[in-house]
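Biologist: I should like to learn how to read a multi-chain model in a systematic manner. Could we take the features in turn, with the general idea before the particular case?

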Amino acid sequence: MENSIWKRIPLNSNYAAAYGAKDSDVDVVAAYPITPQTPAVEKIADFISNGELNAEMIHVESEHSAMSACIGAAAVGARTFTATSAQGLELMHELLHIASGLRLPIVMAVASRALSAPLSIWGDYSDVINIRDTSWIILIASTAQEVYDSIIQAYKIAEDPDVLLPVVVAYDGFMMSHTYELVYVAKNPEIFRDYIPKKVNWTILNVEKPITMGAVANPDWYYEFKYQQVLAMKRSYSVIKNSAKEFEKRYGRSYDTVEVYNNGGKIAVLTYGGLFGTVVEAIDYMNKQGTQITGIKLRLFRPFPLQEIRKVIEDLKMLIVIDRAISFGAPIEGTVAMEISALLHRESIDIPIYSYIASIGQRTTTEEDIIGIVKDAVKLFESGKRISESIYWGVRE
Amino acid sequence: MGDKPIIGWKSIPLGGSITEPGNSIQRPTGDWRVFKPVINQEKCIRCLLCWIYCPEPSIHIIDKPYKTLTGREWKFSVEVNYSFCKGCGICVEECPVKAIDFIEEVR
Amino acid sequence: MDIEHKRVEIRWHGRGGQGTVTASIILAEAAIYQGKYAQAYPEFGAERRGAPVRAYTRISEEPIYSRAPIINPDVVVILDPSLDKKLCIEGLKPNGIVILNSGRSLDILRKELGSGVKIARIDATKIALEIIKAPFVNMAMLGAIARVIPIVDIKYIEEAIRESFRARVAEANIQAMRRAFEEVEF
């Protein structure tokens with residue numbers, strides 16, 4: 001595919017995110033360093049200093065300030081980008097609600113990392129799962145290529161007048177953020193200008209036409225603004241799908257909200273992020289051994305792609321969900337497993353679902369682990385056991 | 001809430017933004033008062049500290065000349081806009097010559 | 001997991017400061033410049049000088065999906081002679097290759113590691129001290145690899161080195177890499 005349009009280069013997902021921001025021609029970047037995200041914004045600083053990107057880099061003293069600065073920038077109509085991980089995302093948390101509540105189309109990369117304490121700089125999805133109720137759209141990428149493409153799509157989605165919600169593009173801390181792999185980037189980012197034209201479709205602060213942002217909404221009003229967000233999140237679903245379709249039409253790489261590998265098996269393994277790659281190779285191995293397994297990748301976490309999931313799971317005999325985060329005290333502690341359980345109930349579909357927790361704090365998870373999980377679940381299924389609780393794969397006693 | 005029917009999510013601007021500037025004029029706050037400030041034009045030295053401190057702002061500088069009993073001539077007057085004055089008393093507190101009386105509102 | 005046998009999996013062992021991770025990345029970059037698929041990533045710990053470091057490189061004719069660490073490598077590269085070599089070659093595939101930075105002779109190394117592995121040796125420390133004037137042995141190890149397992153052409157390694165370093169440093173690194181390419185014994 002190396003040709004006049006695409007340059008074939010080695011990038012890790014942090015750098016892919018930086019290239020995505022650069023090629024989206026962002027105006028303002030405000031970020032605070034945290035492992036494993038830091039190289040993403042360092043790369044953007046490089047782009048600005050060498051003149052490849054004309055943007056304002058705001059140095060701040062915390063992630064709380066980073067998101068505050070992003071909110072201010074987006075509020076005056078700037079195309080805004082930031083990136084963070086783990087505790088940084090937690091420190092931003094209250095501002096996440098403000099960004100979405102003010103309907104500002106900020107895009108943020110998250111190199112997903114476990115939450116302290118105990119201190120872990122390594123990858124899992126505890127941080128991303130924690131922000132599920134902030135009214136941010138949440139995409140989870142599985143390859144560095146997907147990170148690059150998703151950042152560009154994220155501006156298309158966020159700035160759509162039917163949406164106007166901020167978007168997170170998440171990827172595995174370390175397992176993706178620091179893994180170099182092949183990525184095709186645009187030789188000339190101008191090719192994205194028609195796809196994401198700079199058109200400010202949202203209400204902005206403007207001295208010529210003054211408005212008030214962030215005013216109080218008393219009990220007579222607050223509820224209606226939240227309901228607008230509910231509808232925007234619902235509407236975003238088709239915008240996300242269409243943005244991917246248009247991206248494919250223009251640039252040739254296809255994405256969906258849910259992606260399927262080796263369709264047609266009666267047993268499926270569903271997961272998200274970089275772990276899906278390991279699942280794919282485990283499936284290749286199991287298929288060679290005569291066990292047909294389907295892999296399902298959840299690319300969109302918010303809004304939850306109900307219809308797409310329904311379509312890919314309704315003919316299954318059993319579904320295994322591997323979560324890389326723990327929702328402590330939840331009915332099912334694997335968050336995605338719980339959401340799919342809710343979907344099954346809502347749609348009156350009766351498929352046994354087996355929830356596994358794995359790779360917490362980046363505990364090594366190989367193809368052998370995936371095969372082990374499948375064997376374990378199949379054994380439970382064949383013995384007629386329905387397990388309603390999450391199973392903690394590989395935890396030591 | 002007033003008599004006007006309150007509008008819903010279909011017609012309000014996104015994100016709770018207030019898109020027309022200066023709309024506080026539509027919300028008189030004068031009926032919040034218990035005490036009201038009354039400027040004594042005789043004592044007032046037109047320093048305008050009340051005008052600076054008033055949070056509303058409902059101290060108005062009026063183009064109305066005033067001549068005191070002692071013969072001093074002022075080119076303008078300072079008056080309170082009672083449609084918006086909430087009766088906070090800050091002007092009364094700040095007046096350096098005690099020219100503002102604070103008297104109970106009789107309704 | 002090597003299903004199609006179209007893939008080479010390399011595990012790197014070194015100490016912090018020797019450029020283990022950089023070498024693993026440069027090799028992957030070179031493979032990508034050559035038109036192949038490749039992946040490189042470090043085993044992440046607290047990064048500090050002197051601490052044992054592991055890194056992985058996968059090179060393939062086909063897309064690579066797995067992100068699991070390499071448990072059964074085709075090739076083990078040991079940058080630091082003071083590391084426990086037996087521990088480093090754990091999981092090495094039968095007939096796998098180990099490429100060592102060592103001043104010892106091939107015969108002594110063969111006795112030390114047994115007959116189940118192919119051994120290649122290069123005195124990378126000596127090359128680094130002579131050419132780079134510092135014990136950065138990684139570039140010499142890249143040269144040795146390019147010779148012993150010819151999956152990546154040396155000219156693409158040079159290209160990757162030039163992309164990663166300033167011109168003056170790059171030239172010294174390339175010189176060290178080329179000399180190891182000539183001198184590696186196996």
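Modeller: The discussion that follows goes from overall form to chain contacts, and then to local backbone features, in what is a predicted model.

Biologist: Let us begin with chain A. How many helices and strands does chain A have, and what percentage of its residues count as buried?

Modeller: Chain A has twelve helices and 15 strands. Of its 397 residues, 52% count as buried. Its C-alpha atoms fill a box of roughly 70 × 55 × 45 Å along the principal axes. The radius of gyration may be set against a rule for globules: a compact globule of 397 residues would have a value near 21 Å, and chain A agrees because its own value is 21 Å. Sequence separation offers another view: among contacts in chain A between residues at least 6 apart in sequence, 80% join residues at least 24 apart.

Biologist: Into which domains is chain A divided, and how many residues of each are in contact?

Modeller: Domain 1 of chain A covers 6-251 and domain 2 covers 258-392. Their C-alpha centres lie 28 Å apart. Across the boundary, 26 residues of domain 1 of chain A are in contact with 20 residues of domain 2 of chain A. On the domain 1 side, helix 6 (126-130), strand 6 (137-140), strand 7 (167-172) and helix 8 (222-251) of chain A each supply at least two residues. The largest share, five residues, comes from helix 8 of chain A. By class, this side of domain 1 has 16 nonpolar, six polar and four charged residues.

Biologist: I now turn to the contacts between chains. Which chains have the most contacts between them?

Modeller: Two pairs of chains touch, and the most contacts are between chains A and C. Here 19 residues of chain C are in contact with 22 residues of chain A. Strand 2 of chain C gives the most to the chain C side, with six residues. That side divides into 15 nonpolar, two polar and two charged residues. Chain A also touches chain B, with 16 residues of chain A in contact with 13 residues of chain B. Helix 8 of chain A provides the largest share of the chain A side there, four residues. The chain A side that touches chain B comprises nine nonpolar, four polar and three charged residues. No contact joins chain B and chain C, and their closest C-alpha atoms lie 41 Å apart.

Biologist: How should one read strand order, and what is the order of the open sheet of eight strands?

Modeller: One follows the pairing from one edge to the other. The order in this open sheet is 1(A)-8(A)-2(C)-3(C)-1(C)-4(C)-5(C)-6(C), with mixed pairing. The edge strands are strand 1 (6-11) of chain A and strand 6 (118-122) of chain C, each of which pairs on one side only. On average, neighbouring strands are turned by 25° against each other, direction ignored. At the junction of the chains, strand 8 (residues 180-186) of chain A and strand 2 of chain C run antiparallel and are joined by two bridges. Glu181(A) stands opposite Gln39(C), and Tyr180(A) has Ala40(C) as its bridge partner.

Biologist: Which strands does helix 1 of chain A lie across?

Modeller: Helix 1 (residues 13-23) of chain A lies across strand 1 and strand 8 of chain A, running at about 10° to strand 8 of chain A. In chain C, helix 3 (residues 106-113) lies across strand 5 (97-101) and strand 6, at about 135° to strand 6 of chain C.

Biologist: How does one read the buried face of a helix?

Modeller: An α-helix has 3.6 residues a turn, so residues three or four places apart point the same way. In helix 6 (residues 154-164) of chain C, the buried residues include Ile157(C), Ala160(C) and Ile161(C). The buried residues of this helix pack against helix 1, helix 5 (138-148) and helix 7 (167-183) of chain C.

Biologist: Finally, what should one look for in the backbone?

Modeller: Most residues other than glycine have a negative phi, and most peptide bonds are trans. A cis peptide bond joins Thr35(A) and Pro36(A), with omega about 0°. Pro36(A) is placed in the loop between strand 2 (28-31) and helix 2 (38-49) of chain A. The bond from Ala117(A) to Pro118(A) is also cis, with omega near -10°. As for phi, Arg103(A) has a positive value of about 60°, and Ser359(A) has a positive value near 55°. Ser359(A) is buried, because 30 other C-beta atoms lie within 10 Å.

Terms used: Residues numbered from 1 in each chain as written. Chains lettered and ligands numbered in written order. Predicted model: local features only at pLDDT ≥ 70, side-chain atom pairs only at ≥ 80, totals over all residues. Contact = placed C-beta atoms within 7 Å. Nonpolar A, V, L, I, M, F, W, Y, C, P; charged D, E, K, R; others polar. Pairing = 2+ DSSP bridges. Domains from an automatic or database assignment. Buried ≥ 20, exposed ≤ 12 C-beta atoms within 10 Å, placed from the backbone. Rg over C-alpha atoms; globule rule 2.2 N^0.38 Å. Axes fitted to C-alpha atoms, helices over the stretch in contact; angles between N-to-C directions.
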